[in-house]
Amino acid sequence: MSVDVKYTTQATANGGRDGRAQTQDGSLDVKLSTPKELGGAGGAGNNPEQLFAAGYAACFLGAMKFVGGQEKIAVPADTTVTAKVGIGPRSEGGFGITADLTISLPGLDKATAETLVEKAHQVCPYSNATRGNVDVGLTIA
């Protein structure tokens with residue numbers, strides 16, 4: 001499958017999970033730290049799973065707005081997407097992640113919300129990137 005790339009960005013990490021990550025343009029510069037649950041010291045700093053959760057949540061909300069525009073569905077201004085990302089050892093070896101999205105669409109009826117979420121899941125780049133590789137759960141709150 002080919003992608004007609006319209007935007008490219010770049011980030012560089014050094015020091016691994018206890019280092020730093022920065023975007024090329026400097027708009028994002030984060031200290032990284034390994035959570036205690038993964039054997040790290042915890043403390044100040046973010047980890048890749050937090051960054052992935054934030055990106056997936058924002059991207060999925062953007063996908064819902066895109067679909068809403070196409071389908072003439074007004075996405076409520078107070079809509080939220082919460083992404084819960086887990087990490088741990090895989091039975092096949094190595095490590096894997098899971099993602100569960102909880103979507104709040106205040107004021108939309110259940111059928112409309114379900115249609116919007118399912119169509120957004122088909123167009124969201126994060127959903128497409130994870131499909132078949134990451135267990136993704138979708139819950140409408």
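Here is a short friendly exchange about a predicted model.

Student: Which helix or strand gives the most residues to the largest nonpolar core?

Tutor: Good place to begin! The largest nonpolar core has 23 residues, and Phe60 and Met64 are among those with the most contacts inside it. Helices H1 (48–71) and H2 (110–123) and strands S4 and S5 (95–104) each supply at least two residues of this core. The top contributor, with nine residues, is H1.

Student: With which residues is Val81 in contact, leaving aside neighbours within four places in sequence?

Tutor: Val81 is itself among the core residues with the most contacts inside the core. Leaving aside those sequence neighbours, the residues in contact with Val81 are Ala57, Phe60, Leu61, Met64, Leu101, Thr102 and Ile103.

Student: Is Pro89 buried or exposed?

Tutor: Pro89 lies in strand S4 and touches Gly94 and Phe95, not counting residues up to four places away in sequence. The cut-off for exposed is over 50% relative accessible area. Pro89 has 71%, so Pro89 counts as exposed.

Student: How is Ile87 classed by its relative accessibility?

Tutor: Ile87 has its place in strand S4, residues 80–89. Buried means under 20% and exposed means over 50%, with partly exposed in between. Because its relative accessibility is 32%, Ile87 is partly exposed.

Student: What accessible area do Leu38, Ile87 and Phe95 have together?

Tutor: In soluble globular proteins, nonpolar side chains tend to be buried together. Here, though, Leu38, Ile87 and Phe95 form a nonpolar patch on the surface. Their accessible area together is about 280 Å².

Definitions and conventions:
Residues are numbered from 1 along each chain as its sequence is written. This is a predicted model: local features need pLDDT of at least 70, side-chain atom pairs count only at pLDDT 80 or more; totals for chains, interfaces and linings use all residues. Side-chain values use heavy atoms; hydrogens and water are left out. Patches are made of residues with over 30% relative accessible area and no salt bridge: like charges are joined within 9 Å, nonpolar side chains (Val, Leu, Ile, Met, Phe, Trp, Tyr) within 5 Å. Accessible areas come from the Shrake-Rupley method with a 1.4 Å probe; for residues, only the protein chains shown count as cover. A salt bridge is a side-chain nitrogen of Lys or Arg within 4 Å of a carboxyl oxygen of Asp or Glu. Helices (H or I, at least four residues) and strands (E, at least two) are DSSP runs, numbered from the N terminus. Buried means under 20% relative accessible area, exposed over 50%, partly exposed in between (1.4 Å probe, protein chains only). A nonpolar core is a set of buried Ala, Val, Leu, Ile, Met, Phe, Trp, Tyr and Cys residues joined through side-chain atoms within 4.5 Å. Contact means heavy atoms within 4.5 Å.
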